[in-house]
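Trainee: I am new to this model and would like a close look at one part of it. Please take one sheet and its surroundings and go through them step by step.

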Amino acid sequence: MASNGYRNGTGTNKGAIKPPASSNIRSSSFKSRLPPSSNHSTGSALRRTSSASFTTAAGGDGVPGRVRVAVRLRPRNAEESTADADFADCVELQPELKRLKLRKNNWESETYEFDEVLTEFASQKRVYEVVAKPVVESVLDGYNGTVMAYGQTGTGKTFTLGRLGEEDTSARGIMVRSMEEILANVSPETDSISVSYLQLYMETIQDLLDPANDNISIVEDPRTGDVSLPGATHVEIKDEPSFLELLRLGEAHRIAANTKLNTESSRSHAILMVHVKRSVLGEEVAIPSESDKSSHFVKPPKPLVRKSKLVLVDLAGSERVQKSGSEGHMLEEAKSINLSLSALGKCINALAENSAHVPIRDSKLTRLLRDSFGGTARTSLIVTIGPSPRHRGETASTILFGQRAMKVENMLRIKEEFDYKSLARRLEIQLDKLIAENERQQKAFDDEVERINLEAQNRVSEVERNFTDALEKERLKCQMEYMESVKKLEEKMIENQRKHQHDGFMKDKCNWEGPGFSEDIAEVKKLLEKEIQMRKEAEKEVNKLKSQLGQHMDAGAGGDAEILKLQIALEDEVHQKKKLEEEIIILRSQMLQLTFEADQMRRCLARGGSGNAYPGLDSPMSQVRDSLSGHKTPVSALFDQVGVQKILDLLESEDANVRIHAVKVVANLAAEEANQERIVEAGGLTSLLMLLRSYEDETVRRVAAGAIANLAMNEANQELIMVQGGISLLSTTASDAEDPQTLRMVAGAIANLCGNDKLQATLRSEGGIKALLGMVRCRHPDVLSQVARGIANFAKCESRASTNGIRSGRSLLIDEGALPWIVQNANNDAAPIRRHIELALCHLAQHEANAKDMINGGALWELVRITRDCSREDIRSLARRTLNSSLLFRSEMRRLRIEL
Ligand code: ADP
Ligand code: MG
């Protein structure tokens, strides 16, 4: 029991009895150094101290704890009972006073005090409780502990420590009882126990659990000073039988080893190490919150792990040391007998005398026990003595060893550390929980997004459907009404003609001038107004639908992709609407043409019907009539029925409005490839060029340039345009015009010409390239895009010609100074411009003749950029191929350390 633990001794002097010089020192030093509570109930005091100071014990100061020493007297054995029958024992014990008297002779004795004095009648249980139990309890609390037996061979060291008590449980020694106590106090879920069993003989450590392992080295942690034997076998202990088995095995190996070494167990040290690892939770720490001093945030307890060690040492017989000295042996011989034991004595002396140097490193035993004496462990020493007066000398020296050991002061320190593994495990579990939760939430979020998207999609499609239906209805209505009005007009005209034939031309001419004809005109005007009105209404409807769509789009916010889709659909609708509007414009233009023709007719009639101001005008008129009555598509019908020539004639009309409308009709027709040939055959190109030449109106010029650009798509027309001086006309327009749309048309026309292999030289000599480059002054991206396209076309033709060996030398584009602009715009934000220029650069780079200028002009960097950044794979690889096939580029890249 802990309460029966050692009491602090006090020195005594009795009459003539001379106590050892150490007694006084010992008693006074204990009182001043030990905390009062630890004097009487060491084990429980330590428990209180340790549990109350987790944080300081782990890293801070320890608790003072002196080495406790008990003396145990062995009963006389049979031999002694006979041999020493007439003699008294050499010692006399006063256990109640914890004193021992060592007889010098019949009348003189010396008295010594110990922490415990155990008579020959002391039971093994009592010995365990007073000597080992406090140490075992400390070990369970996280401190290292040592129980060591010292004494002459045959005095009961092994009896005290190592008896297994297999037949008689009361005979169990300290080893078995310690393990019983440890097993009873640990929890298998959180704690673990492992054991090593070793023998130290002649400075060699042998593993008693694995005899092959016969030279184990000691490892010291340079940081903590902790000693360990990594080479030793560690056996995990779960229950007592397995421990007993292990002790038996160790003992068997010990006997075998000693037989082999031709020695005996009394000359070797047996060391049993019990490693106890326990997981505990630190204290909760309350942290006061900043706002309110009274409320506390409680930090959860830290997981801690305590790794303590119980070392049980059954030393070799102490008589060896004494004999080696008393019998005059040389020190070296003594060392060879048992260096470790004498080194232990020296260390204990040094520690007892507070000497500056403790020769710990002199032997393996002292190195192993560095924590037990003068270290952080709780240590109990039991010194065993025999009663025989024949061994008085050895008994005296054993007693003196015990007395000196009592003066050794340890600083007990808990072996506790932060349990990173357990914390990591806990955090991992927590993390897994959070991950699972996050995944659940993400899934729910995704589902919700999908649901919203679906809803938005449905709404958008509904709006789209409504919008398309409404638009289609509106378009049909417009068409029908238009047809209706044209039909009415037609009928009226036929009616008028019939009237005219019937009544005679002269007689009824006034009818043409009179209200009848004016009515027709008024009717046409009314129809036109109606058309305009209808268009306005259609626009209104479209706007309404647009705003509705906008609202729906707002409602469905969140589904970006859906909105984008919707926007595209909307743009489609707007585009269709534009087309409708364009159709309406064409209708208007035709109306105006009709008005115009009717006016002509009226004037002709007014002149007497014989004159024809515009030859052939009659016939287009009638053909137009035919076309209208045939309900054909307006423009095509007009084109088919009226004949291209008549329409082209209108280009030269005196009336500016007519010219404008006519040029628009021609431009519209030229937009369709099927019509182009007929227009050119009929001299349309010449007329259009003429319009460009006699510039009078921006619209005419723009539309004419557009029509020329359309015609210039065709290769045959391109040559025709050149022949007719089109290039210089386009160049003049390019330098005069300000309107970006006009410039776009002109640039488009030249760009088309640039794509013709045969025209390269002429194009340049007639200033086409200069004109093209000049248009970049207008920064409009549409214009720039056409310029870039022209350059790309030109470069491509040149490249083709060079490859075919038709041309050599530097690019005309470079001659014309195009390179700086090309380089500047190679990375233009607008994709079409960038794309054309990237292609142009690749074409230019294909010819070594251009390489030098391109390198000097910075084009190499752009080409390198294209190989890396261009979004189109084919252009990227074209650029890479081109660069790799040029010697000059390659050497420049090497110089600049550029790698593709
Ligand atoms: P040591 O290990 O010190 O050499 P042992 O433990 O082997 O001594 O003891 C020697 C003999 O004395 C053994 O036969 C042992 O049983 C006996 N013996 C030792 N101590 C006691 C004791 N306290 N009571 C009875 N017998 C004892
Ligand atoms: Mg022994």
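Mentor: Start with a single pair of residues: Leu93 has Leu100, in β4, as its bridge partner. The model is a predicted one, and this pairing is read from it. The strands concerned are β3 and β4, the latter covering residues 99-103; they run antiparallel and are joined by four bridges.

Now widen the view to the sheet. The sheet is open and has three strands, in the order β3-β4-β5, and the pairing is antiparallel. At its edges are β3, residues 91-94, and β5, residues 109-113, each of which pairs on one side only. On average, neighbouring strands of the sheet are turned by 20 degrees against each other, with direction ignored.

A helix belongs to this picture too. Helix α13, made of residues 392-405, lies across β3, β4 and β5. Relative to β4, α13 runs at about 145 degrees.

Next come the nonpolar cores. The largest has 93 residues, and Met775 and Leu863 are the ones with the most contacts inside this core. Helix α21, residues 656-670, gives the most to this core: nine residues. A second core, separate from that one, has 44 residues, and Val69, Leu102, Val227 and Ile271 are among them.

To finish, look at Met775 in the largest core. Setting aside neighbours within four places in sequence, Met775 is in contact with Ala734, Leu743, Val746, Ala747 and Ile750, and also with Val783 and Val787.

Methods. Residues numbered from 1 in each chain as written. Chains lettered and ligands numbered in written order. Predicted model: local features only at pLDDT ≥ 70, side-chain atom pairs only at ≥ 80, totals over all residues. Heavy atoms only, no water. Pairing = 2+ DSSP bridges. Helix = DSSP H or I, 4+ residues; strand = E, 2+ residues; numbered from the N terminus. Axes fitted to C-alpha atoms, helices over the stretch in contact; angles between N-to-C directions. Contact = heavy atoms within 4.5 Å. Core = buried A, V, L, I, M, F, W, Y, C linked by side-chain atoms within 4.5 Å. Buried < 20%, exposed > 50% of the residue type's maximum accessible area, 1.4 Å probe, protein only.
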